[in-house]
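Trainee: Got a minute to go through this model with me? I'd like to start with one helix and then zoom out.

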Amino acid sequence: MLVACAPFGPRLSSLSVARAIARGLTEGGLPEPDLCPMPLADRRGNGVEGADDVRALLDELDFDARMRRARAVVVAAPLLEERTLAGSATFEIATRARQAGVPTYAVTGENALNAFDARILDLQVIVVARGRAALVSAGRELAALA
């Protein structure tokens, strides 16, 4: 499994989020996942992503090859809402995974997507989790589904 995460605020960096979800996945019986933190907010300084920035970062991380080796992708973002998806890492990752036939699961602090938007992204499940303990629990929940 590949775990691609954005920061969940100043107290939960992208790496902290990835590690918390990974802990839950392994506690749930899955092998150690491939962690792919997505610190775009740190790179840009203002938290705003751009499609070119996202594509460049994914290329730097050899994301496509890593995704194809994975059984599934877990994408974690603090907020999922239709108006912020265009140009976001979440949108680009979900699109690439769908095109490659790799299932995608989402973990978010807040889900403001309607069923149609979630279907367009082809997200198998969206788990809402705020805080480190909830992220670990989300990983365990996803492990039970995989």
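**Helix α8 and its surroundings**

Mentor: Start with helix α8, residues 132-145, keeping in mind that the model is predicted. The helix has 14 residues and reaches 20 Å from its first C-alpha to its last, close to the 20 Å expected at 1.5 Å a residue.

Trainee: Which residues of α8 are buried?

Mentor: Leu-135, Val-136, Ala-138, Gly-139, Leu-142 and Ala-143. They cover an arc of only 155° around the axis, which puts them on the same side of α8.

Trainee: Why would residues three or four places apart point the same way?

Mentor: An α-helix has 3.6 residues a turn, so that spacing brings them round to the same direction.

Trainee: And which exposed residues are on the face turned away from the buried side of α8?

Mentor: That face carries Ala-133 and Ala-144, both exposed.

Trainee: What do the buried residues of α8 pack against?

Mentor: One helix, α1 (14-27), and the strands β3 (73-80), β4 (104-111) and β5 (123-128).

Trainee: Take β4 and β5, then. How many bridges join them?

Mentor: Four, and the two strands run parallel. Thr-104 stands opposite Leu-123 in β5.

Trainee: What do β4, α7 and β5 make together?

Mentor: A right-handed β-α-β unit, with α7 covering residues 115-121.

Trainee: Zooming out: how many helices and strands does the chain have?

Mentor: Eight helices and five strands. From the N terminus the order is β-α-β-α-α-α-β-α-α-β-α-β-α. The radius of gyration of the chain is 14 Å, close to the 15 Å that the globule rule gives for 146 residues, so the chain is as compact as a globular protein of that length.

Trainee: What box do the C-alpha atoms fill?

Mentor: Roughly 35 × 35 × 30 Å, taken along the principal axes. Of the 146 residues in the chain, 47% are buried.

Trainee: What share of the contacts with a separation of 6 or more comes from residues 24 or more positions apart?

Mentor: They account for 68% of those contacts.

Trainee: Different topic: Ala-86. Where is it?

Mentor: In the loop between α5 (82-85) and α6 (89-100).

Trainee: Is Ala-86 buried or exposed?

Mentor: Exposed, because its relative accessibility is 68% and the cut-off for exposed is over 50%.

Trainee: What separates the C-alpha atoms of Ala-86 and Ala-70?

Mentor: A distance of 25 Å, with the two residues 16 apart along the chain.

Notes:
Residues are numbered from 1 along each chain as its sequence is written. This is a predicted model: local features need pLDDT of at least 70, side-chain atom pairs count only at pLDDT 80 or more; totals for chains, interfaces and linings use all residues. Side-chain values use heavy atoms; hydrogens and water are left out. The expected span of a helix is 1.5 Å times one less than its number of residues. Buried means under 20% relative accessible area, exposed over 50%, partly exposed in between (1.4 Å probe, protein chains only). The arc is that of the directions from the helix axis to the C-beta atoms. Contact means heavy atoms within 4.5 Å. Two strands pair if DSSP finds at least two bridges between them. A crossover is right-handed if, with the strands pointing away from the viewer, the path from the first strand over the helix to the second runs clockwise. The radius of gyration is taken over C-alpha atoms; the globule rule is 2.2 Å times the number of residues to the power 0.38.
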